[in-house]
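Reader: I am new to this structure and would like a close look at a single part of it. Please pick one residue, begin with what surrounds it, and work outwards from there.

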Amino acid sequence: VAVQSGVRFAQTFWRPPADVCECESTIVVTVDLAGIDQDDLDVVVFEDALIVEGRRRLPADPGVVFHVAGIRQGPFRLELGLPGIIDQERVDARYDQGLLRITFLKIRANAR
């Protein structure tokens, strides 16, 4: 919570863009996290949902004045429902060039 002039503001989260696609045996989630260090990411997997959260910290030089500030900074949180039930033990996550790509193996309904 930030305090300014006696007024309290709740810290706001932003939501990074993501794609979710599905084929017969997998669900793939790709999250655009450009400029975010892998150590600043937390991923929580449930059997039918995913949460990705962290913080983007862009370097800022003292005395710099921004004329355009379109890149979101600060804490983020992405909550996604998955279009099927996944095997939480068989997840492949890769982070490359600012894209987090998580591949889930689906559990077939009759295999439960």
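Author: Threonine 26 is the place to begin. Leaving aside its neighbours within four places in sequence, threonine 26 has contacts with Cys21, Thr103, Phe104, Leu105 and Lys106. The model is a predicted one, and what follows describes that model.

Is threonine 26 buried or exposed? Its relative accessibility is 18%, and buried means under 20%, so threonine 26 counts as buried. The residue belongs to strand β4. Burial is common along this strand: six of the seven residues of β4 are buried, so the strand is largely enclosed by the rest of the structure.

The strand partners come next. β4 covers residues 26–32 and pairs with β9, residues 99–106, in the antiparallel sense, over seven bridges. Within β9, threonine 26 has leucine 105 as its bridge partner, and Leu105 is also among the contacts listed for threonine 26. Further along β4, valine 29 stands opposite isoleucine 102 of β9.

β4 has a pairing with β3 as well, antiparallel and made of five bridges. Those two strands form a hairpin, with three residues between them. Here valine 29 appears again, as the bridge partner in β4 of valine 20.

These pairings belong to an open sheet of four strands, in the order β3-β4-β9-β8, with antiparallel pairing. β3 (18–22) and β8 (86–96) stand at its edges with a single partner strand each, so one side of each has no neighbour in the sheet. From one strand to the next, the twist in this sheet averages 15°.

Valine 29 deserves a look of its own. Apart from neighbours within four places in sequence, valine 29 is in contact with Asp19, Val20, Leu50, Leu80, Leu82, Leu100, Arg101, Ile102 and Phe104. Phe104 is also a contact of threonine 26.

Where does valine 29 sit with respect to the largest nonpolar core? That core has 17 residues, and Val29 is one of those with the most contacts inside it, together with Leu33, Leu50, Val52, Phe76 and Phe104. Two or more residues of the core come from each of β4, β6 (49–56), β7 (74–81) and β9.

Two of those elements, β6 and β7, lead to another sheet. An open sheet of three strands has the order β5-β6-β7, and its pairing is antiparallel. β5 and β7 are the edge strands, each with a single partner, so one side of each is left without a neighbour in the sheet. The twist here averages 10° from one strand to the next.

Within this sheet, β5 (residues 41–45) runs antiparallel to β6 and is joined to β6 by five bridges. A hairpin of three residues connects β5 to β6. On the other side, β6 and β7 pair in the antiparallel sense over eight bridges. Glutamate 53 marks both pairings: aspartate 42 stands opposite glutamate 53 in β6, and glutamate 53 stands opposite arginine 77 in β7.

To return to the start, threonine 26 is a buried residue in strand β4, with leucine 105 as its bridge partner in β9. Both β4 and β9 give two or more residues to the largest nonpolar core, as do β6 and β7.

Conventions
Residues numbered from 1 in each chain as written. Predicted model: local features only at pLDDT ≥ 70, side-chain atom pairs only at ≥ 80, totals over all residues. Heavy atoms only, no water. Pairing = 2+ DSSP bridges. Axes fitted to C-alpha atoms, helices over the stretch in contact; angles between N-to-C directions. Core = buried A, V, L, I, M, F, W, Y, C linked by side-chain atoms within 4.5 Å. Buried < 20%, exposed > 50% of the residue type's maximum accessible area, 1.4 Å probe, protein only. Contact = heavy atoms within 4.5 Å.
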